Amino acid sequence: MLRSISSPAAEARGRSVKSSAPLPENRVLPGDCIDVMRTLPDQCADLIFADPPYNLQLEHELLRPNNTRVDGVHHAWDKFASLADYDAFTRAWLGECRRLLKPDGAIWVIGSYHNIFRLGAALQDQGFWILNDVIWLKTNPMPNFKGRRFTNAHETLIWAARSASSRYTFNYDSVKAFNDDVQMRSDWLIPICSGPERLKDDGGRKAHPTQKPEALLNRILIASTRPGDLVIDPFFGTGTTGAAAKRLRRRFIGIERDPDYVRAAEERIAAVTPLAPGDVLPLSSRRSERRIPFGTLIELGLLQPGAVLTDAKARLKARIRADGTLDCNGIKGSIHKIGAQVQGRPVCNGWTFWHIEGEGGIVPIDVLRERARNRLGLSATS
């Protein structure tokens with residue numbers, strides 16, 4: 001049975017929904033993804049995670065060398081009459097996703113070699129701005145039983161902002177700390193979903209053939225959302241996105257057409273306990289902190305005109321002037337300009353170069369910026 005296209009892409013792009021009704025948050029909404037998305041208001045989502053049909057185009061059963069059947073994807077929802085039909089379907093649901101995203105929102109889509117290139121082209125055609133492609137490298141992939149191709153050991157995720165001007169969320173410091181203080185790369189080694197995490201139906205079979213591991217969604221949500229953000233998953237399946245979102249205190253809306261998947265997702269998510277609020281806050285990033293001019297430290301009394309700043313080894317000295325500039329042996333300028341000149345360098349971060357006497361020794365003047373933010377009631381912002 002071939003999957004039909006419920007609506008043309010042009011209509012999906014052209015609809016606009018403005019509603020004062022409360023969002024159906026933290027629920028699984030049954031129905032076709034495009035139809036249900038059309039009932040949701042414009043620009044309501046901070047993030048969308050989409051795991052659409054891969055259109056594997058399997059025509060025959062896949063058998064192991066011992067002639068046992070491989071439990072692959074043979075469901076009607078993964079079948080399309082043609083690539084053109086698949087492309088039309090893709091453009092339709094992506095059009096709705098773009099409408100639902102806030103201006104600074106972003107989307108993740110995942111696929112295999114069967115469909116990821118078509119998804120990437122459709123994303124760009126609709127105005128999304130691709131940020132990264134991430135390789136999910138599976139530690140335990142299914143082998144290639146016929147021995148006629150390489151073992152397919154990865155899937156590809158595309159992370160894209162709603163537009164090139166979007167100020168999307170990226171919790172750089174959190175994912176760097178997660179990765180032992182090393183910048184996280186775009187190749188993620190994560191096992192496929194198996195063992196107790198793999199949901200089973202009443203007959204002991206896989207409840208869903210392409211259930212994603214929660215570790216994958218956990219990493220995505222930690223990297224690109226904040227607590228309280230709304231995440232929409234238009235292909236909810238058995239609810240991996242919802243389970244991860246609830247645990248990390250993100251809001252979610254799941255859309256799923258299969259009633260068995262809906263039931264499994266609801267039962268699964270009901271058993272999840274959210275983490276404590278303090279355990280899900282991302283690390284504050286220097287990039288997101290409110291700017292504090294050096295002169296503000298003088299205005300707040302944290303530094304006084306006439307006070308002396310030094311380098312880390314107290315070999316160089318500069319006196320603070322009333323206008324927030326420094327005087328170092330008759331050379332006057334900003335903390336950055338003077339720091340660069342005394343070192344013979346083109347640039348310098350004066351906040352970390354210049355120090356002042358503090359408890360236990362000299363400390364960078366950068367520590368005073370946080371005190372200034374606290375006094376002014378300023379907090380980190382995205």
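**Exercise 1. Find which strands helix α4 lies across, and what joins two of them.**

Start with the helix: α4 (residues 116-125) lies across β3 (101-111), β4 and β5, and runs at about 165° to β3. Keep in mind as you work that this is a predicted model.

Next, look at the strands beneath your cursor. Strand β4 (residues 129-138) and strand β5 (residues 154-161) run antiparallel and are joined by eight bridges. For a landmark in this pairing, pick V134, which stands opposite L157 in β5.

**Exercise 2. Work out the strand order of the sheet and name its edges.**

Trace the pairings across the sheet, and you get the order β1-β8-β7-β2-β3-β5-β4-β6. These eight strands make an open sheet with mixed pairing. The ends of that order give the edges: β1 (27-30) and β6 (187-190) each pair on one side only. To finish, take the angle between neighbouring strands, which is 20° on average when direction is ignored.

**Exercise 3. Describe the surroundings of β7 in the sheet.**

Begin with one partner: β2 and β7 pair in the parallel sense over two bridges, and I48 stands opposite I232 in β7. Now turn to the other: β7 and β8 pair over four bridges, again in the parallel sense. Here I232 stands opposite I253 in β8. The chain gets from β7 to β8 through α7, in a right-handed β-α-β crossover.

Then check the side chains. A helpful reminder is that in a regular strand the side chains alternate between the two faces of the sheet. In β7, L230 and I232 point one way while V231 and D233 point the other way, and all are buried.

**Exercise 4. Decide whether F128 is buried or exposed, and list its contacts.**

First locate the residue: F128 sits in the loop between α4 and β4. Its relative accessible area is 4%, and the cut-off for buried is under 20%, so F128 is buried.

Now ask what surrounds it. Leaving out residues up to four places away in sequence, F128 touches L94, R98, L101, I107, L123, A160, A161 and R162. The last of these makes a nice check on distance: F128 and R162 are 34 residues apart in sequence, yet their C-alpha atoms are 4.8 Å apart in space.

**Exercise 5. Do the same for S166, and find a polar partner.**

S166 belongs to the loop between β5 and α5 (172-178). Its relative accessibility is 7%, so S166 counts as buried.

Setting aside neighbours within four places in sequence, the contacts of S166 are P103, D104, G105 and A161. For the polar partner, look at P103: its backbone oxygen lies 2.6 Å from a polar atom of the S166 side chain.

**Exercise 6. Identify the buried residues of helix α10 and what covers them.**

Within α10 (residues 335-343), the residues I335, I338, G339 and A340 are buried. Their cover includes α9 (294-299), β11 (326-328), β12 (331-333) and α11 (350-353). Step past the helix and you reach G344, whose phi is positive, near 70°.

**Exercise 7. Judge the confidence of the model.**

Take the overall numbers: the average pLDDT of the protein is 85, and 82% of the residues score at least 70. Then inspect the start of the chain, where the pLDDT over residues 1-14 is below 50. Beyond near neighbours in sequence, this stretch has 33 contacts in the model.

Notes: Residues numbered from 1 in each chain as written. Predicted model: local features only at pLDDT ≥ 70, side-chain atom pairs only at ≥ 80, totals over all residues. Heavy atoms only, no water. Pairing = 2+ DSSP bridges. Axes fitted to C-alpha atoms, helices over the stretch in contact; angles between N-to-C directions. Contact = heavy atoms within 4.5 Å. Buried < 20%, exposed > 50% of the residue type's maximum accessible area, 1.4 Å probe, protein only. Polar contact = N/O pair within 3.5 Å; in protein donor to acceptor, adjacent residues only side chain to side chain. Right-handed = clockwise from strand over helix to strand, strands pointing away. pLDDT = per-residue confidence, 0-100.
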